[in-house]
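Got the viewer open? Here's a short walk through the model, one selection at a time.

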Amino acid sequence: MDRLRIGVVGIGVQGQLHARALRDVRQAELVAVADVSPRNRDWAQSNLGVRAVANLGDLLDDVDAVSICTPDHLHEDATLAALAAGRRVLLEKPMALSTASCDRIIAGCPDPDALMIGHVLRFDPRVIRLREIVRSGELGDIWHVKVWRCTSQAVGQGIWDRTSVAWFLGIHDADLVRFVTGRDVEVTGAVGRKVLSPSHDVVHATIRFDDGAIGTMENNWTLPHSRPSRADAGLRIVGEHGILEMNLSHNDLMYARRDGVASFQDTYFWPSREGGGGYNLRTELEAFVDAALTGGPTPVSGAEGRAAVAVVEDIEAALADGPAASPSGR
């Protein structure tokens, strides 16, 4: 098989990004998409020129693999159906919204290499280099870690009725610290505040690594709309022999217009221009396609996806057990 025939399931914001990026993957062929929304199906037919169906089952006979980009709470059923049909699956993070759901997905995947979890930060060259330094032992013993990922209120408004900031942003950081350090993480506490939505809009969690190092995780979607970059993210690791700092914000290219509007252009994560651009999502998809065509090991296993889910699940449990300050009384 020279090319992998792929279908994208769920053509919302993330699914559209996957579909666009797949056009830049030489060994992949986007065959069809599935979405319950007629508007999303119309968009796919008009902008991608592929068949658009309402149900996952209507495209499984035509593809070798699927990229599942449905809302998080729908991941389990779609993934199990695709795996049962013998298809390779790239499942967007979070793998699921509970470790119990992750366990059911893993149980329904007799071939562990048939499932890949889409933790896109693992394909960022900055993250890979930082990981190499940490894993080499050059930093010595890790003393403490700080990781943060924050975004604007505009991003949260579209999704906070069906998810939380810990699931939407914290899942990145939960996987990031495990991937970079190679250490397991225990959540020791969390506090949150509700200022915009029914769920916690800002969360600060404390963590402990299995070697004794401690850390903090900060996530929020409270940044003003007017902030030029919608993302403020990074990682700091302090160790015996020094400090590593990594800025993961989208602020490497600024565009300031003469009408007074300024913005930073994301050149790392998503497709940056029609027909090309270097971005981590394409690298992630290329890794998935290569593993599927060669029969190689999955780049990000279900077990790794479950481990990140366990961290966020514990943060949510800590928030539920503790007080949350709210000016509105929610």
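Before you click on anything, one cut-off to keep in mind: a residue is buried when its relative accessible area is under 20%, exposed when that value is over 50%, and partly exposed in between. Also bear in mind that you're looking at a predicted model.

**Stop 1: a pair by the domain boundary**

Select D124 and R126. They form a salt bridge, and the closest N and O atoms sit 2.7 Å apart. Is D124 buried or exposed? Its relative accessible area is 0%, so D124 counts as buried. In general, side chains of opposite charge can pair when their charged atoms come close.

**Stop 2: the two domains**

Now colour by domain. Domain 1 covers 4–121, while domain 2 takes in 125–268 + 312–321. Put a centroid on the C-alpha atoms of each and you'll find 26 Å between the two centres. For the contacts across the divide, 11 residues of domain 1 touch 11 residues of domain 2.

**Stop 3: the largest pocket**

Switch on a pocket surface next. The largest pocket holds about 1200 Å³ of space. It has 48 lining residues, and those closest to its centre are V13, Q14, C69, R162 and F168, so those five make a good selection to centre the view on. Which elements give two or more residues to the lining? They are α1 (13–22), α3 (75–84), β7 (142–152), α7 (165–181) and β11 (231–239). The biggest giver is α7, with five residues.

Try colouring the lining by residue class: 26 are nonpolar, 13 polar and nine charged. Then go back to your domain colours, and you'll see that domain 1 and domain 2 each supply at least three residues to this lining.

**Stop 4: salt bridges around α7**

Stay with α7 and pick D173. This residue forms a salt bridge with R149, with 3.5 Å between the closest N and O atoms. The pair ties together distant parts of the chain, as D173 is in helix α7 and R149 is in strand β7, 24 residues apart. Both D173 and R149 are buried.

Next, select R178 and D184. They make another salt bridge, their closest N and O atoms being 3.1 Å apart. How accessible are the partners, R178 and D184? R178 has 13% relative accessibility and so counts as buried, whereas D184, at 46%, is partly exposed. Now widen the selection to R122, D175, R178, D184 and E304: salt bridges with shared partners join these residues into one network. If you'd like to hunt for the rest, the whole structure has 14 salt bridges.

**Stop 5: helix α3 and its neighbours**

Back to α3, and show side chains. Its buried residues are H75, E76, A78, T79, A82 and L83. What do they pack against? The neighbours to display are β4 (65–68), β5 (88–92), α4 (99–107) and β6 (115–118). Just past α3, click on G86 and check its backbone: phi is positive there, at about 80 degrees.

**Last stop: A107**

Finish in helix α4, where you'll find A107. At 67% relative accessibility, A107 counts as exposed. Draw a C-alpha to C-alpha distance from A107 to G322 and you'll get 33 Å in space, for two residues 215 apart in sequence.

Key:
Residues are numbered from 1 along each chain as its sequence is written. This is a predicted model: local features need pLDDT of at least 70, side-chain atom pairs count only at pLDDT 80 or more; totals for chains, interfaces and linings use all residues. Side-chain values use heavy atoms; hydrogens and water are left out. On a 1 Å grid over the protein atoms alone, a cavity is a set of points where a 1.4 Å probe fits but cannot get out, and a pocket is an open set with protein on both sides within 12 Å along at least five of seven lines; lining residues have an atom within 4 Å of a point. Grid points are joined across faces, edges and corners, and a volume is the space filled by probe spheres set on the points. Helices (H or I, at least four residues) and strands (E, at least two) are DSSP runs, numbered from the N terminus. Ala, Val, Leu, Ile, Met, Phe, Trp, Tyr, Cys and Pro count as nonpolar, Asp, Glu, Lys and Arg as charged, and the others, Gly among them, as polar. Domain bounds come from an automatic or database domain assignment. A salt bridge is a side-chain nitrogen of Lys or Arg within 4 Å of a carboxyl oxygen of Asp or Glu. Buried means under 20% relative accessible area, exposed over 50%, partly exposed in between (1.4 Å probe, protein chains only). Contact means heavy atoms within 4.5 Å.
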